[in-house]
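Hi everyone, thanks for making time for this. I'd like to walk you through one structure, a piece at a time, so please have it open in front of you.

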Amino acid sequence: MVNKQQIVKSGIWQMMNTGVIFISQLGYYAILARMLPHAQKEFGVFALLNSCMVFGNVVAEAGMGDALLQRKHVEPQHKNAALYYSLATGVFFYLILYIAAPWLADFYQQPILSLGLRVIGISFILYSLGSPSINLLQKEFQFKKIFFSDSLSLLASNVFGIVLAYYGFGVMALVYSTLFYNISKVIMLWIQEPLPVKIGSTWRHYKDLLNYGLLLTVIRITNYINLSGINFMLGKIITIQEVGIFDRANRISNIPGRYIGDIVQKISMPTMVKVDGDDKLFNVYYKSLSFLHSLLVPVSVFFGVFSMPCVLILLGDQFISANMSLKLMLFALPFQISTRLSDGVMRVKGLLVLNLKRKILSTIILVVCMYFGSYWHITGISAGFLIATVINYYIMIVTLRGGVFPDSWQQLLFKPFINGIPLTIYTVVPSVILYEVLRIGLHLNEVESFLVMGTLVGLFLAYAFFKKPKLLGKDFLPIREILLNKNKNKKGHRKQLAQDEEAAIVEQKGEKPAVKIDL
């Protein structure tokens, strides 16, 4: 049975992990955008490399990790079955990629792709090795362990990538940095959650996981096309430099969405697996969706309004053309991440075939919208992405109405978005006024005005969180209570230790300890 405090504490650790990753990635991209000699082209090439790596990870892991996560009872042999199968498919797909790499380099007329694919493809094997461990840690709400394995690995890999870029490795700095991250993460995961490889597994244990994992893999392939695979199409219909600009805008817009969404999804998924009954499932799902929008709506509007200074800070002057793409994709965030969270409900209910049909329809809509949008280059592509994302969210609502929540689906149409409106108003409206005062009245440039304004807004939000939490909305109250109670417990523990130490000293001197009387 999962208790509320366990969920919130896990969420706090995941938020810490998100914060480290968020800040680290922002700094990493900002530095490399200025260090790489041909940043637009090299980011475009890496977009293709990364898309290939993500696809390989999806098919190699084969849903085995998630199959472990959704099972109510996991035997040691299930863990081994997930590991052995994922590892075998990871090696198999890496060999295919190794052979096909020169052909893909010729197809996109980018010779560096050959070496890059052969190096980054090793991640197929590494991802397969780490997937069972990280999903088992999520299942047991061990997010503190995930924090150390994920955040520390990413920080080290980012430093490594910057050093390689400084020494002129170009796009391969990004490739070797990614490989370094995957290696270090797998090592730390195996230290945190070792698998009982010696006891083996049986065909029954493979079958228990494969029935769920393979169908989930097909669904994830459609997710992949929506998130990363679209770069393969863009690589043939626009220039590699435009692919680089679009990919940077897409990655920056996904930083808050991906990590805030991951906080909610990684906490809510094991919780939804363990609850019984559709009413309780809807309650967990709706609260997760409400909290998600309480964060994402103000974040997407705030950074969408201030997209230009964000581009200047994170990418520099040479990426100014990414501004409108970033703005449009930020506005799509709440719809995009809500759809991902809804996927978890479909998985818990075992409606994988129904969800697959919805995914195929959504993928077709996305490809068509972005293809026609390409006539207006990357701005048109981004507009097509926004239109498709909104349509696909409401397709998901229709799907949930028919298969999961026939009586409660109306609450999902607009109400979750409304929960984020108060915080949006409290932050965005004063921020715009302050930004214009700084820019026009004090003659600061866009970046300086944004940094000063952002600092003041951050201080206000911190004050509101601890002193006036009602300004932020009711969804933040549980997290605040846990943090404050945790701090009180620590102070009480330190006070008790001091009293025990004083009593021990007095006892050694042969004196009676003083008794404090409160009047």
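Let's begin with helix 2, residues 39–61, and check its length. At 1.5 Å a residue, its 23 residues should span 33 Å, and the end C-alpha atoms are 32 Å apart, so the two agree. Before I go on, please keep in mind that this is a predicted model.

How many of the 23 residues of helix 2 are buried? The count is 20, so helix 2 is largely enclosed by the rest of the structure. Just after helix 2 comes A62, and its phi is positive, near 60 degrees.

We can run the length check on helix 15 as well, which covers residues 352–373. Its 22 residues should span 32 Å at 1.5 Å a residue, and the end C-alpha atoms lie 31 Å apart, which agrees. The buried residues of helix 15 include some charged names that may catch your eye: R358 and K359 are among them. L352, L356, I365, L366 and M370 are also among the buried residues of helix 15.

Now, on to charge pairs. In general, side chains of opposite charge can pair when their charged atoms come close. Searching the whole structure gives four salt bridges.

Take D150 and K185, whose side chains meet in a salt bridge with N to O at 3.7 Å. This pair links distant parts of the chain: D150 belongs to helix 7 (residues 143–166) and K185 to helix 8 (residues 171–192), with their positions 35 residues apart. Are these two partners buried or exposed? D150 has 6% relative accessibility, and because buried means under 20%, D150 counts as buried. K185, at 15%, counts as buried too.

Next, have a look at R439 and E436. They form a salt bridge in which the closest N and O atoms are 2.9 Å apart. Both residues lie in helix 18 (residues 421–441), three residues apart, which is about one turn of the helix. An α-helix has 3.6 residues a turn, so residues three or four places apart point the same way. As for accessibility, R439 is partly exposed, with a relative accessible area of 34%, and E436 is partly exposed at 29%.

There is also a network to show you: salt bridges that share partners join D247, R248 and R251 into one. Within it, the side chains of D247 and R248 meet at 3.0 Å, N to O. D247 counts as buried, at 5% relative accessibility, and R248 counts as buried at 1%.

Last topic: the empty spaces. The structure holds three cavities of 30 Å³ or more, and I'd like to stop at the second largest, with a volume of about 50 Å³.

Which residues line the second largest cavity? The lining is made of N226, L227, I230, F246, N250, N254, Q336 and F385. Sorted by class, that lining has four nonpolar residues, four polar residues and no charged ones. Helix 9 (203–237) and helix 10 (240–274) each supply at least two residues of the lining.

Where does the second largest cavity lie with respect to domain 1 and domain 2? Domain 1 (1–234) and domain 2 (238–409) both give residues to its lining, so the cavity lies between them.

That's my tour. Thanks for listening, and I'm happy to go back to any part of it.

Notes:
Residues are numbered from 1 along each chain as its sequence is written. This is a predicted model: local features need pLDDT of at least 70, side-chain atom pairs count only at pLDDT 80 or more; totals for chains, interfaces and linings use all residues. Side-chain values use heavy atoms; hydrogens and water are left out. Helices (H or I, at least four residues) and strands (E, at least two) are DSSP runs, numbered from the N terminus. Buried means under 20% relative accessible area, exposed over 50%, partly exposed in between (1.4 Å probe, protein chains only). On a 1 Å grid over the protein atoms alone, a cavity is a set of points where a 1.4 Å probe fits but cannot get out, and a pocket is an open set with protein on both sides within 12 Å along at least five of seven lines; lining residues have an atom within 4 Å of a point. Grid points are joined across faces, edges and corners, and a volume is the space filled by probe spheres set on the points. Ala, Val, Leu, Ile, Met, Phe, Trp, Tyr, Cys and Pro count as nonpolar, Asp, Glu, Lys and Arg as charged, and the others, Gly among them, as polar. Domain bounds come from an automatic or database domain assignment. The expected span of a helix is 1.5 Å times one less than its number of residues.
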